[in-house]
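Please open the model in your viewer and keep the sequence panel beside it. The tour below goes from one selection to the next and says what is found at each stop.

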Amino acid sequence: MKLGRRGFLIGAAGVCLAQCSPSFRRARARALTWGGPGRRNGQFIKPRAIGVYEGETYVIDTTGRIQVFSEDGAFVRLWSVPESENGTPTSVAFDREGRVLVPDTHYHRMLRYTRQGELIDQWGEFGSGPQQFVYPTDVTASADGTLYISEYGTDAERIHVTDAQGRFLRQWGTFGESPGQFNRAMAIEMGADGSLYVVDTGNNRVQRFDTHGNLLGVIGRPGVEPGCLKAPFGLAIAADGAVFICEYGTCRISQFSSDGAFIATLGAPGREVGQFNDPRGVAVSASGNILVADTGNHRIQRFGMGDLG
């Protein structure tokens, strides 16, 4: 999941390059789906976190299970996070070694697993200081192993930066609606150029930063029209730089080109194939498939790039 060299935000900080526009294409309603409500292998209770790595799809639902599937939806294996009574993780990602990173949101810590589910290490405790978290939501890793963790909560609307071992390096961000501030940072992704894209859910936008927190640009403004954003939750970036934003508030995926042009929407509210019910996450595989955690419908839907047209 990489960005093109240009990224999708260019120009002065705070400029919305993808304006809301009535010009768009809506994806055709066809997809491969799997899951359904339940606690058996291959079933889900509100899947909310999704990630892909080397042809496998990792999904976390509100039971705290981490289920692994082939890209075609065949169940492979599972394990569970240590605790889940307080709540469950909101994302799943991978470090430079391909190990599984899980921000354990409601337990104020980071978990790291092998891809077979062995817990390697964990770090963090409740708080807003170094080596502490309030609600960590997502993580992305740079080529040198540095981890960038999005976080929200009182005194913790920030990006928390650690080395590959989880040792605190620096942080930036405060609560607010001005450029560079956050109101519930829910997802983070690093582009091929090394810039960081942060889903700023409460402010209905995505912000782009360099690795030291300098704001490079903003995309989105509140609205439901094509090209606007309403309660974005998840973010994925394809190998060609295409940007896919999962909007909980409109039950759709919005696609932008790497230079910021709005391209298409995928989905609409509902329960039919190609429709979503409170989706929380999106991922793009190396083969170019778009995978959506269709949370309220207790399933995963997989689309091809050709379905956007």
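Select Gln131 to begin, bearing in mind that this is a predicted model; with a relative accessibility of 32%, Gln131 counts as partly exposed. Gln131 sits in the loop between S10 and strand S11 (135-141), and its phi is positive, about 65°, although Gln131 is not a glycine. Most residues other than glycine have a negative phi.

From that loop, step back to S10 and display the open sheet to which it belongs, in which 4 strands follow the order S7-S8-S9-S10 with antiparallel pairing. Its edge strands are strand S7 (93-94) and strand S10 (119-123), each of which pairs on one side only. If you then isolate S7 together with strand S8 (residues 100-104), you will find the two paired in the antiparallel sense over 2 bridges, and Phe94 has Val100 in S8 as its bridge partner.

Next, select Arg109 and Asp104, which form a salt bridge whose closest N and O atoms are 2.8 Å apart, and note that both Arg109 and Asp104 are buried. Move on to Asp193 and Arg208, whose side chains meet in a salt bridge at 3.0 Å, N to O. This pair links distant parts of the chain, since Asp193 lies in the loop between strand S15 (185-190) and strand S16 (196-200), while Arg208 lies in strand S17 (residues 205-209), 15 residues apart. Asp193 is partly exposed, with a relative accessible area of 33%, whereas Arg208, at 10%, is buried. Then colour Asp95, Arg99, Arg112 and Asp121 together, for salt bridges that share partners join these residues into one network.

The count of salt bridges comes to 16, and one of them is worth a separate selection: Asp72 with Arg302, where the closest N and O atoms are 2.6 Å apart. Asp72 lies in the loop between strand S5 (65-70) and strand S6 (75-80) and Arg302 in strand S25 (residues 299-303), so the pair ties together parts that are 230 residues apart in sequence. With a surface shown, Asp72 counts as exposed at 55% relative accessibility, while Arg302 counts as buried at 19%.

Now turn to strand S13 (158-162). Is S13 enclosed by the rest of the structure or open? Of its 5 residues, 5 are buried, so S13 is largely enclosed by the rest of the structure. When you show its side chains, Arg158, His160 and Thr162 point one way, and Ile159 and Val161 point the other way. On one hand, S13 is joined to S12 by 5 bridges, the two running antiparallel, with Ile149 standing opposite His160; S12 and S13 form a hairpin with 5 residues between them, and Gly153 in the turn has a positive phi of about 130°. On the other hand, 4 antiparallel bridges join S13 to strand S14 (residues 168-172), with Thr162 standing opposite Phe168; this second hairpin also has 5 residues between its strands, and Gly166 in the turn has a positive phi of about 90°.

Stay in this region and select Glu157, which is found in the loop between strand S12 (147-152) and strand S13. Which side chain of opposite charge is nearest to Glu157? That side chain is Arg184, 6.0 Å away, and Glu157, although buried, has no salt bridge. The backbone nitrogen of Arg184, however, lies 2.9 Å from a polar atom of the Glu157 side chain. Among the other residues that Glu157 touches are Trp172, Phe175, Phe182 and Ala185.

For the next stop, select Thr57 in strand S4 (residues 56-60), which is buried with a relative accessible area of 0%. Thr57 and Ser285 are 228 residues apart in sequence, yet 8.5 Å apart in space, C-alpha to C-alpha. The contacts of Thr57 include Trp34, Ile50, Phe69 and Leu291.

Finish with the cysteines Cys246 and Cys251, in a model whose count of disulfides is 0. The sulfur of Cys246 is 8.8 Å from its closest cysteine sulfur, that of Cys251, which is too far for a bond. Both are buried, Cys246 at 0% relative accessibility and Cys251 at 9%. Cys251 lies in the loop between strand S20 (243-247) and strand S21 (252-256), and its phi is positive, near 55°, in a residue other than glycine.

Technical notes
Residues numbered from 1 in each chain as written. Predicted model: local features only at pLDDT ≥ 70, side-chain atom pairs only at ≥ 80, totals over all residues. Heavy atoms only, no water. Buried < 20%, exposed > 50% of the residue type's maximum accessible area, 1.4 Å probe, protein only. Lys, Arg positive; Asp, Glu negative; His and termini not counted. Salt bridge = Lys/Arg side-chain N within 4 Å of Asp/Glu carboxyl O. Polar contact = N/O pair within 3.5 Å; in protein donor to acceptor, adjacent residues only side chain to side chain. Contact = heavy atoms within 4.5 Å. Pairing = 2+ DSSP bridges. Disulfide = S-S within 2.5 Å. Lists of a residue's contacts leave out its neighbours within four places in sequence.
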